[in-house]
Amino acid sequence: MKKAILVGCGGWGENWARHTLPRCMKDGLLQVVGAVDVIPEHLESVRGILRKEQCFTELRRAIETTKPDFCIIAAPPAAHEAVAMTAMEYGCQVLSEKPVTDNPQSLLRLLKRAEETGTKYGVTMSHQFHRHISTLRQEIFSGKYGALDYLSFQFTAKQAEMSERQKKLEHVMLNEASIHHFSLLESLTGSRCKSIYTDVWSPQHALSMKGGGQSLSILKYENGVRVSYEVSMSSACSLHSWGNELIRAELENAVLVLEGKSLRCYLKSEDEPDPNLPGKGFEIPLIGSAKDRWGNENLTAQFVEWLEGGEAMDTRLENAARAQMTVFAAIESGREGIPIELKALREKYREEERE
């Protein structure tokens, strides 16, 4: 059984400590041998699964003492690079929360170091592995409805104030929300993002949200699919917030509408009594069971299977980096007011890193 340490036990790390890791331990996926946080009080979240002597405030001491097979990084994004670099120095594999890091040069350094060391480096792009999203993806690629033309995606959340972790991010909304969504959209389109145009702003009631509290984007993918993408973290209500996003897939012979956990299909062949109103459509049942592994539990299982010689996980670093690069492209587009080509932006960052 693989041994793991959790680095970062406050914020989302607490969710790992109280929910994800206990489930993974119960399923026999891993053994948690230690936890690290620079704030001692945060270590209270792991008291249910670890003894006091297994809790540390210094990463190197934790690794040298517990000798883990891999590190789970749930620290704030600004700390991800330093934690991952230290883990790789000791020969540990890495399973990191998203965003991978908070700036493009850091991302390139991590990619380079992981390749040099042969590190198996996974990223928990968990949102696309939830049950309702997995069902939508299966229906899109089933072949029953013809080719996908475009997607409409809406995320609107009511957030009165930023958390301490969010205050450390320069572009809160795009790093916090869009990193999830851009990976999810790549999985639904079956292609890589080619270009993005983003208009980002902060309304008067959300000026404290650094880098913008609302945005509208158009994304074009290499296979010709388009996506309209709306995201707000300063909406008057959480109409389509986490787990309740509104996604509409326009296919050749049908329209699929996912709202929250409900997926409906409207067939082109269906009669419409009123030419300006849709037919009744029909509900598509969600795949699997609520008791199955979804989200981070699913990804942890994928990562452990990879470590044990199985197939590499879909959200390994080199793939997750594409979603991260799309975030950086959205930030660049919002700043410059022009569409950004992903390939050109990657080359620009590589040139800057070489200088």
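Colleague: How many residues does the hairpin use to join strand 11 to strand 12?

Modeller: Two residues link strand 11 to strand 12 in that hairpin. Keep in mind that this is a predicted model.

Colleague: What makes strand 11 and strand 12 a pair?

Modeller: A pair needs at least two bridges. Strand 11 (residues 246-251) and strand 12 have five, and they run antiparallel. The test is therefore met. Within this pairing, Ala 249 is opposite Leu 256.

Colleague: And how do you know that strand 12 pairs with strand 13?

Modeller: The same kind of count applies here. Strand 12 and strand 13 (residues 262-267) share six bridges in the antiparallel sense, against a requirement of at least two. Leu 258 faces Leu 263 across this pairing. Two residues sit between the strands in their hairpin, where Gly 260 has a positive phi near 65°.

Colleague: Why is strand 12 called mostly covered?

Modeller: Buried means under 20% relative accessible area, and five of the six residues in strand 12 (residues 254-259) are buried.

Colleague: Then why is Lys 67 called exposed?

Modeller: The cut-off for exposed is over 50%. Lys 67 has 57% relative accessibility, so this residue counts as exposed. Lys 67 lies in the loop between helix 2 (59-66) and strand 4, and its phi, near 50°, is positive although the residue is not a glycine.

Colleague: Moving on to strand 4, which way do its side chains point?

Modeller: In strand 4 (residues 70-73), Phe 70 and Ile 72 point one way, while Cys 71 and Ile 73 point the other way; all are buried. Side chains in a regular strand alternate between the two faces of the sheet.

Colleague: What does strand 4 pair with in the parallel sense?

Modeller: Strand 1 (residues 2-7) is joined to strand 4 by four parallel bridges, with Val 7 opposite Ile 73. Strand 4 also has four bridges to strand 5 (residues 93-96), again parallel. There, Ile 73 is opposite Ser 96. The chain goes from strand 4 through helix 3 (residues 80-89) to strand 5 in a right-handed β-α-β crossover. Another bridge partner is Val 94 of strand 5, which matches Cys 71.

Colleague: In what order do the six strands of the open sheet come?

Modeller: The order is 3-2-1-4-5-6, with parallel pairing. Strand 3 (55-56) and strand 6 (121-123) have a single partner strand each, so they stand at the edges with one side lacking a neighbour in the sheet.

Colleague: How do you know that helix 8 has close to its expected reach?

Modeller: Helix 8 (residues 317-336) has 20 residues and spans 28 Å from first C-alpha to last, close to the 28 Å expected at 1.5 Å a residue. Of those 20 residues, 16 are buried. Just after helix 8, Gly 337 has a positive phi of about 75°.

Colleague: What makes up the lining of the largest cavity?

Modeller: Phe 182, Glu 186, Cys 193, Leu 219, Tyr 221 and Thr 326 line it. By class, that gives four nonpolar, one polar and one charged residues; Glu counts as charged and Tyr as nonpolar. The largest cavity holds about 30 Å³ of space.

Terms used
Residues numbered from 1 in each chain as written. Predicted model: local features only at pLDDT ≥ 70, side-chain atom pairs only at ≥ 80, totals over all residues. Heavy atoms only, no water. Buried < 20%, exposed > 50% of the residue type's maximum accessible area, 1.4 Å probe, protein only. Right-handed = clockwise from strand over helix to strand, strands pointing away. Expected span 1.5 Å × (residues − 1). 1 Å grid on protein atoms, 1.4 Å probe; cavity = no way out; pocket = protein on both sides within 12 Å on 5 of 7 lines; lining within 4 Å. Points joined across faces, edges and corners; volume = space filled by probe spheres on them.
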